[in-house]
Amino acid sequence: MVSHSEITTAADYDIVIQHGTVIDSVREVEFKADVAVKGGKVVAIEPQIDVPSPATCQIIDASGQYVCPGLIDMHTHVYWGSTYWGIEADPIGAHTGVTTWVDAGSAGAYTFPGFRRYVMERSKVRIFSLLHISALGLTGRTYELTHDEMVDVDMAVATIEANRDRIKGIKVRMDRDATNKTGLRGMQRARQLGDRTGLPVMVHVGLAPPSMSDLLPYLKQGDILTHCCTGLSNRLVDSQGQLLPVYHALKEKGVVLDLGHGSGSFNFTSAEAMAKLSALPDVLSSDLHQISRSVNVFDLPTTLSKYLLMGVPLATVIAKATYRPAQIINEPELGVLKVGGPADIACFRLAQGSYSFKDATNQERVADKMLVNTLTMVNGQVLSTSQQESAPHPWVIRDLATVAALDEKEECC
């Protein structure tokens, strides 16, 4: 968002990012500008910001780079150490440009207090949550909806009401394994929870049952369908690459389509067919977790690069990972660069070369460019890239070989 500077002299700046190309995520345009930061806020966005010599502030030369709002990954799993899927947000965010992570259901009512105290409140990046309808959350790999007493609406309501500042929605996984012959019970209770709290429901789909036609009656405007480019039985395009009627029904209802790449849910054939028909996801997210981090996702910039390969303009790609998710989670100050707003900033260069991208079925596409993060800033603080991720958990090493090829079974989250 183009903005004039506040009444701040150059000597007052903490950081000035010079010579970059700024991405306006609201208008989906790019322009040359410098960006000044003071006290954790953006205080100027101008064609040229002069600084005294010698400089009394930190100067960052962004020549040949794109200066973007910090990325918002709306489908992630960052409850490390207490769930099957969880990764560590800070070390990954520092070198990927993700400043806001929305954890999609790792925590349920029984496990959210620990998630808040030991992960959310101790992280440098921003972390929000979509609370799982199962009180167990995603402690295990799957089957979390199996035990009726754990799918507890009242406990979920109490947890949400005590944590409205961090909980932005509800998560339910409606695939063959997660439901485990319990039918639509999880969806029905997620709907009850959404209606009682006024929060959107994110529904994971993959292999039926249940089918999309079973789920559609429970979805309302503002709810979120994740894994929208799956190639599995609940896909939105047919074998000829045409949009199925359920796609149009979802759009008519005002349901948000979230990519949720994951290790088992992104299919190039589906995604390319939808892109060709201008049926892009509303939000581009990674579904980054212990498995997808090592297989075909790797990080959000890699996911975004796949859409550049499909011909989607860079400014649109960035908007779908900044401004759009910020609106959905009701955090309008995030996802934009504007004077007075938080200095959550990500810089990228568009690297040229030969890059191999794969989907959940190991279909490969080769691209000649890729987004590479060069700087990540949260509240005006540049995140250090020196922090190392922890080694994979034993179960990840055990399961990696069988989860890598997910064309026959659903394992993503």
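Is aspartate 359 buried or exposed? The legends below, which refer to a predicted model, take up this residue and then several other sites.

**View 1. Aspartate 359 in the loop between strands S13 and S14.** With a relative accessible area of 0%, aspartate 359 is buried, and its place in the chain is the loop that runs between strand S13 (345–358) and strand S14 (364–378). Its side chain reaches the backbone nitrogen of threonine 361 at 2.9 Å. Leaving aside residues up to four places away in sequence, aspartate 359 touches Phe266, Asn267, Phe268 and Asn296. Glycine 264 lies 95 residues from aspartate 359 along the chain, yet the C-alpha atoms of the two are separated by 7.9 Å.

**View 2. Two cis peptide bonds in the loop between S10 and H6.** A cis bond with omega of about 0° joins alanine 208 and proline 209, and the bond from proline 209 to proline 210 is likewise cis, with omega near 0°. Proline 209 sits in the loop between strand S10 (201–204) and helix H6 (212–215), as does proline 210. For context, most peptide bonds are trans.

**View 3. Asparagine 234 and its contacts with residues 205 to 212, among them Val205 and Met212.** Asparagine 234 belongs to the loop between strand S11 (224–226) and helix H7 (245–253), and because its relative accessibility is 3%, this asparagine counts as buried. The side chain of asparagine 234 reaches the backbone oxygen of proline 210 at 3.0 Å, and proline 210 is itself the residue that follows the cis bond from proline 209. When residues up to four places away in sequence are not counted, asparagine 234 touches Val205, Gly206, Leu207, Ala208, Pro210, Ser211 and Met212.

**View 4. Positive phi at asparagine 180 and histidine 227.** Most residues other than glycine have a negative phi. Asparagine 180, although not a glycine, has a positive phi of about 50°; this residue is found in the loop between helix H4 (176–179) and helix H5 (185–197), where it is partly exposed, with a relative accessible area of 30%. Histidine 227, also a residue other than glycine, has a positive phi near 70° and is found in the loop between S11 and H7. Histidine 227 is buried, with a relative accessible area of 0%.

**View 5. Cysteines 57 and 347, in a structure with zero disulfides.** The cysteine sulfur closest to that of cysteine 57 belongs to cysteine 347 and is 15 Å away, which is too far for a bond. Cysteine 347 is likewise in no disulfide, and the nearest sulfur to its own, that of cysteine 68, is 7.4 Å away, whereas a disulfide would require a pair of cysteine sulfur atoms within 2.5 Å. Cysteine 57 is buried, with a relative accessible area of 10%, and cysteine 347 also counts as buried, at 1% relative accessibility.

**View 6. A nonpolar surface patch that includes leucine 136.** Tyr110, Leu136 and Met155 make this nonpolar patch of about 270 Å² on the surface. Of these residues, leucine 136 has its place in the loop between strand S8 (126–132) and helix H3 (153–162), and at 30% relative accessibility leucine 136 counts as partly exposed.

Key: Residues are numbered from 1 along each chain as its sequence is written. This is a predicted model: local features need pLDDT of at least 70, side-chain atom pairs count only at pLDDT 80 or more; totals for chains, interfaces and linings use all residues. Side-chain values use heavy atoms; hydrogens and water are left out. Helices (H or I, at least four residues) and strands (E, at least two) are DSSP runs, numbered from the N terminus. Buried means under 20% relative accessible area, exposed over 50%, partly exposed in between (1.4 Å probe, protein chains only). A polar contact is a pair of N or O atoms within 3.5 Å; within protein, one must be able to donate a hydrogen and the other to accept it, and residues adjacent in sequence count only if both atoms are side-chain atoms. Contact means heavy atoms within 4.5 Å. Patches are made of residues with over 30% relative accessible area and no salt bridge: like charges are joined within 9 Å, nonpolar side chains (Val, Leu, Ile, Met, Phe, Trp, Tyr) within 5 Å. Accessible areas come from the Shrake-Rupley method with a 1.4 Å probe; for residues, only the protein chains shown count as cover. A salt bridge is a side-chain nitrogen of Lys or Arg within 4 Å of a carboxyl oxygen of Asp or Glu.
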